[in-house]
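I sat down with this one today and kept notes as I went. Here is what I looked up, in the order I looked.

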Amino acid sequence: MRHEVFWQRGKAIGARDKLAGSLSANVVIIGGGVAGLTVADELVRRGVEDIVVLEARFCGAGASGRSSGFITPASELGVSELRRRFGDDEARMLWDLAQGGCDSIRETIERYKIECGYLPADSLYIASDESSFRVIEEEHQARLALGYASRLYDRSDLPQVIGSTSYGGAVRSGQTFAINSFDYVRALSDRLADRGVRILEDSAVTAVSQDEVRTREGVVRARSLFFCLDHAAGSIGIAPGETYHAQAFLMISEPLDRKFSTRSFPTAPSSSGTRISSISISDSLRTDGFWSVAGSCREPTHARDEMTWPRCITS
Ligand SMILES: Cc1cc2nc3c(=O)[nH]c(=O)nc-3n(C[C@H](O)[C@H](O)[C@H](O)COP(=O)(O)OP(=O)(O)OC[C@H]3O[C@@H](n4cnc5c(N)ncnc54)[C@H](O)[C@@H]3O)c2cc1C
């Protein structure tokens with residue numbers, strides 16, 4: 001059995017400069033994942049110059065280069081739950097914000113002509129059995145009530161969409177897509193470097209003060225600092241020590257034959273999520289004979305300073 005990140009398999013990650021000595025900059029961004037690079041891109045677009053990105057390992061080393069790459073506004077909270085908790089106006093605002101993130105990634109792919117396996121793919125929110133169909137129906141009604149397009153499938157419709165009789169129904173929505181998230185992040189970092197952003201890798205920040213960021217080998221003074229880190233932020237003193245990351249993702253990818261994947265997704269490409277275990281399936285890699293499956297569980301697996309990097313396991 002081999003343990004590796006599927007997206008990174010066989011890819012050489014070119015070495016970039018690391019921070020050494022003393023620098024000054026207008027802006028320092030800490031973290032070279034999709035968040036940090038998106039901030040850098042936005043600043044470049046607004047005409048800000050002299051930007052430094054400090055990344056502990058390499059851009060895409062964190063969740064962004066390991067994600068399943070399903071770009072959807074859906075989180076563990078569906079529209080119906082958002083309505084229940086926050087009311088219609090705020091629910092719409094939150095959903096539009098998340099959809100805006102998806103649109104921004106699509107727009108960045110187009111603007112920079114990024115090759116990252118971009119595949120438009122509708123999303124399915126699936127009832128794992130008949131008894132949870134009512135939840136799916138409620139989600140469908142909530143989406144319609146807020147003015148979003150939505151299509152409801154009952155148990156008898158679903159086999160035509162996913163080729164399976166095992167589920168209780170689904171809600172389908174559009175404007176979603178799949179990407180190779182590692183390729184996206186690497187290409188975005190290259191484009192930013194071409195536009196003059198100094199991207200320094202292998203440069204883990206060890207301490208931060210008002211206008212100064214330190215690594216083991218250097219220091220950058222800057223007028224503005226952006227923190228685009230994950231739960232590691234506790235270790236450099238910018239988040240409370242008791243911050244916990246309480247979610248785990250599992251990604252499994254294995255070669256499947258074309259017949260199987262065509263049978264399962266006979267019509268349009270789609271990605272799907274079950275309500276109970278949040279398992280998502282995409283045929284975005286169908287042309288390569290791979291599928292990716294991702295799921296989240298409710299068990300907390302990250303304690304502070306104890307990170308279990310998600311890995312792809314192949315055999
Ligand atoms: C297995 C998996 C599947 C997922 N699937 C999906 C999906 O299908 N769709 C979706 O939308 N989201 C998905 N996600 C979530 C998504 O990947 C993350 O929400 C997103 O990538 C977070 O981006 P980020 O830039 O905030 O964090 P990261 O990509 O983690 O970036 C943070 C960066 O900070 C760096 N760093 C850490 N400490 C320091 C330091 N001291 N100094 C400098 N740099 C530091 C890290 O090396 C890292 O590169 C998935 C996540 C995982 C793990």
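**Strand S2 and its partners**

I started at glycine 21, which lies in strand S2 (residues 21-30). Strands here are DSSP runs of E with at least two residues, helices are runs of H or I with at least four, and both are numbered from the N terminus. I noted that residues are numbered from 1 along each chain as its sequence is written. I also kept in mind that this is a predicted model, where local features need pLDDT of at least 70, side-chain atom pairs count only at pLDDT 80 or more, and totals for chains, interfaces and linings use all residues.

Is glycine 21 buried or exposed? I found it exposed, because 8 other C-beta atoms lie within 10 Å. (Exposed means 12 or fewer other C-beta atoms within 10 Å of a residue's own, buried means 20 or more, and partly exposed is in between; C-beta atoms are placed from the backbone.) Its C-alpha atom is separated by 6.3 Å from that of valine 219, 198 residues apart along the chain.

Next I checked the pairing, which requires that DSSP find at least two bridges between two strands. S2 and strand S13 (residues 218-227) run parallel, joined by 9 bridges; there, isoleucine 29 stands opposite phenylalanine 226. S2 also runs parallel to strand S3 (residues 51-54), with 4 bridges, and valine 27 stands opposite isoleucine 51.

**Helix H3**

I tested the length of helix H3 (residues 133-145). The expected span is 1.5 Å times one less than the number of residues. Its 13 residues should therefore span 18 Å, and the end C-alpha atoms are 18 Å apart, which agrees.

Which residues of H3 are buried? I listed Phe133, Val135, Ile136, Glu139, His140, Ala142 and Arg143. Their cover includes helix H2 (79-111) and strands S6 (122-127), S7 (151-154) and S8 (169-173); contact means C-beta atoms, placed from the backbone, within 7 Å. Just after H3, glycine 147 takes a positive phi of about 90°.

**Around the ligand**

I finished at the ligand, which 32 residues surround, the closest being Gly31, Gly33, Gly62, Ser64 and Ser67. A residue is near the ligand if its C-beta atom, placed from the backbone, lies within 6 Å of it. Helix H1 (34-45), strand S4 (70-71) and strand S14 (248-255) each give two or more residues to this shell, and H1 gives the largest share, 3 residues.

Where does the shell lie? Domain 1 (2-66 + 182-236) and domain 2 (70-179 + 247-299) both give residues to it, so it lies between them. The domain bounds come from an automatic or database domain assignment.

Conventions:
Contact = placed C-beta atoms within 7 Å.
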